[in-house]
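Let's take a quick tour of this one, starting with a charged residue and then moving on to the nonpolar packing. Have the viewer open as you read.

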Amino acid sequence: MELLGREGARAVTHRAVDAEARVPAGTCANYFRSRSDLLAGMAQRIFALLAPDPARLDELSRLPTDDAGPAYAGYVVERLLARPNLARALVELRLEATRSPDVAHPLTELLRAGFDADVDFHTTRGLPGGREHVLRLHHLVDGIVLDALTIPLAPDIDPVTQARNATRTLDR
């Protein structure tokens, strides 16, 4: 996954993964029959590694509703930027999915299931707005993270603070 985030989807081959993991040649192919299967497996693992910390979610759940939305959005940005190669790997997977239907299908399922879970969480928590609002929050966070991972337009502005402030504005 680090390889994917560091060098891009085209660098991901069974041999390259074996070399990165320092395992005997052919090991990766024993677990993933095709490159598409390998990328799909990477996507599942990335989502697991980037999952929120239950203790942090518990802490955030105690915030007043007006502060909770911005805090949750800030936490998502914080989590993604704490593991920049994993965040880049997600971007790479999304780009690869536009070129490969074999990658698009499992990645689409993962992304949409995650989105549906976010909508359920948002609604259950009693945060303002519904499904469309959560979609806008996803777009907001995706843009802030992409900007921070690539060429920041305003490098002097903290992305986590930016996510909180933008979400507060969006929640009005």
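Contact here means heavy atoms within 4.5 Å. Keep in mind that this is a predicted model. With that cut-off, and skipping residues up to four places away in sequence, D18 touches V23, P24, A25, G26, T27 and C28. You'll find D18 in helix α2, which covers residues 14-21.

What is the nearest side chain of opposite charge to D18? That would be R15, 7.2 Å away, and D18 has no salt bridge despite being buried. The D18 side chain does have a polar atom 2.7 Å from the backbone nitrogen of G26.

R33 sits in the loop between α3 (27-31) and α4. Because its relative accessibility is 80%, R33 counts as exposed. R33 and H14 are 19 residues apart along the chain, with their C-alpha atoms separated by 9.2 Å.

Here are the distances so far:

| Pair | What is compared | Distance |
|---|---|---|
| D18 and R15 | side chains of opposite charge | 7.2 Å |
| D18 and G26 | side-chain polar atom to backbone nitrogen | 2.7 Å |
| R33 and H14 | C-alpha atoms | 9.2 Å |

Now for the packing. The largest nonpolar core has 30 residues, and L4, V12 and I46 have the most contacts inside it. Elements giving two or more residues to this core include α1 (2-7), α4 (35-49) and α10 (159-171), while α7 gives the most, with six residues. Leaving out neighbours within four places in sequence, V12 is in contact with L3, L4, V17, R35, L38, L39 and M42. Another core, of six residues, lies apart from the largest one; L60, A68, Y72 and Y75 are among its members.

Definitions and conventions: Residues are numbered from 1 along each chain as its sequence is written. This is a predicted model: local features need pLDDT of at least 70, side-chain atom pairs count only at pLDDT 80 or more; totals for chains, interfaces and linings use all residues. Side-chain values use heavy atoms; hydrogens and water are left out. Helices (H or I, at least four residues) and strands (E, at least two) are DSSP runs, numbered from the N terminus. Buried means under 20% relative accessible area, exposed over 50%, partly exposed in between (1.4 Å probe, protein chains only). Lys and Arg count as positive and Asp and Glu as negative; His and the chain ends are not counted. A salt bridge is a side-chain nitrogen of Lys or Arg within 4 Å of a carboxyl oxygen of Asp or Glu. A polar contact is a pair of N or O atoms within 3.5 Å; within protein, one must be able to donate a hydrogen and the other to accept it, and residues adjacent in sequence count only if both atoms are side-chain atoms. A nonpolar core is a set of buried Ala, Val, Leu, Ile, Met, Phe, Trp, Tyr and Cys residues joined through side-chain atoms within 4.5 Å.
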